[in-house]
Amino acid sequence: MTSNNYVMSFKEVDSSKLPNFYEYGFVIHKIKDKLQQNFGFDFQQYSDDETSNEIWEILEEDLENGNDKVQLVSHIFDVIEIETISSNHTDKVMELISKQRIPNSIYFYPDFQVALARSPIFQSHMDTTHDLIFAKNKQSLELFLRYVLQRKREYIRNYVTVFTDTEDGAETGKERITSLVTREEVFLEAHLKKEIYRSIDEFFSESREFYKKYNIPYKRGILLYGKPGNGKTTLVKSIANSISAPVAYWQITEFTSSYSINEVFSSVAKMAPMVLVIEDIDSMPEHVRSVFLNVLDGATSKEGIFLIGTTNYPEKIDPALINRAGRFDRAYELKLPAQDLRSSYLSKKNILQFIDTADLDRIIEASDGFSFAQLNELYTSIALQYHYEQAVDIDLICSELQTANRKSKKQTWDSELESHRVGFGI
């Protein structure tokens, strides 16, 4: 790549002026000059505090997908990386993968006459990176921002947006939806399953007739509680798979703050209508609970948001969360599966390929008190024994799992384990 493909060449630097050469204003001036030379008009610089995360997410997505709406104008510094190279190894072949970098580059959207640059700024006292937004005028930028929000709604239907609270605020990531769960794979009491999905379907119906007809605020919150392994996560996955709307997970941590709470709700409001899942909501730090409640009570903060909270410990939930409309409207307990659900679940997994119906009846009786996760372990144990021995000792397997179940409830284990250190010996 020739020096013409860069805005700034290190060879231009006069060492006596080095501390001031790369100052913030000088870099921006050089970038604007490059844009004016390429496109024939002056660019205005803008700052966008509300949509900035989305802008760079969409730029990255457009580059990865080879979207022809965006083009590379130039790189900025000729002494900084312009591509990222990774390798994909197999037994016989090593494939090199090259990926365009957003830092140190200028990209242009011709349809909107908007340019984006993530520029390193080298100053005498520190190095920083600045996100720079340029547009022909305000109207151009407004059209571009509409495109950004529309594109985000389109692509995140294949992803789950994950917000994780850190020391520096809410960190945003995305995870592709790979393990899809259908509604048929969700095992719940019939009336409970019907009520939850009916609520979801009405919320995301295109006409929203139910909410308009009965003058009901367009916001909804449900709390799912129950012992671990009873299908809360599976239910949420099935909801994500069965609606054509964005889904986001919010990871509450010890770093959750008033700032990150407002940051998350500001971000999800742009995706609405959407689902926001807060797993283990009981872990919300006590010192920010009032802030969280106030945000939920805001006139527009939950508009178009279907909020799902989950917890294994409902006794730790602040009563204020579920004792006031507009926060969590309903709380649903996902109980340990009753006999009929245990039978349906194991039959659905095709356990009869290993045992006969009489043995299945014995298992259903012996598995009283098992969660779905423990039933899954029961199935795995039976499959393993059958695979190696072509026979299944049902009484032994059930007895072992029942014993483990009792110990986990009491949090007691064999005393002989206490004499063995777990980890690395010194």
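This is a short conversation about reading a predicted protein model.

Visitor: Where do I start, and how many helices and strands does the protein chain have?

Guide: Start with the overall inventory. The protein chain has 13 helices and 15 strands. Of its 426 residues, 42% are buried.

Visitor: What share of the contacts joins residues 24 or more positions apart?

Guide: Such contacts link parts of the chain that are separated in sequence. Here, among contacts with a separation of 6 or more, 72% are between residues 24 or more positions apart.

Visitor: How do I read a single helix, say H4, and what is its span?

Guide: Compare its end-to-end reach with the expected value. Helix H4 covers residues 138-155, which is 18 residues, and spans 26 Å from first C-alpha to last, close to the 26 Å expected at 1.5 Å a residue. Next, look at its ends: Asn 137 caps the N-terminal end, with a side-chain oxygen 3.2 Å from the backbone nitrogen of Gln 139.

Visitor: Which residues of H4 are buried?

Guide: Among them are Leu 141, Phe 144, Leu 145 and Val 148, and also the charged-type names to look for, Arg 151, Lys 152 and Arg 153.

Visitor: Now the outside. How much area does the protein chain expose?

Guide: About 23800 Å², with carbon and sulfur atoms supplying 48% of it. One nonpolar surface patch, of about 270 Å², is made by Phe 210, Tyr 214 and Ile 216.

Visitor: Where is Ile 216, and why does Ile 216 count as partly exposed?

Guide: Ile 216 lies in the loop between helix H6 (209-213) and strand S11 (220-225). Ile 216 counts as partly exposed because its relative accessibility is 33%, and that class runs between 20% and 50%.

Technical notes:
Residues numbered from 1 in each chain as written. Predicted model: local features only at pLDDT ≥ 70, side-chain atom pairs only at ≥ 80, totals over all residues. Heavy atoms only, no water. Helix = DSSP H or I, 4+ residues; strand = E, 2+ residues; numbered from the N terminus. Buried < 20%, exposed > 50% of the residue type's maximum accessible area, 1.4 Å probe, protein only. Contact = heavy atoms within 4.5 Å. Areas by Shrake-Rupley, 256 points an atom, 1.4 Å probe, with all protein chains shown as cover. Patch = residues over 30% accessible without salt bridge, like charges linked within 9 Å, V, L, I, M, F, W, Y side chains within 5 Å. Salt bridge = Lys/Arg side-chain N within 4 Å of Asp/Glu carboxyl O. Expected span 1.5 Å × (residues − 1). Polar contact = N/O pair within 3.5 Å; in protein donor to acceptor, adjacent residues only side chain to side chain.
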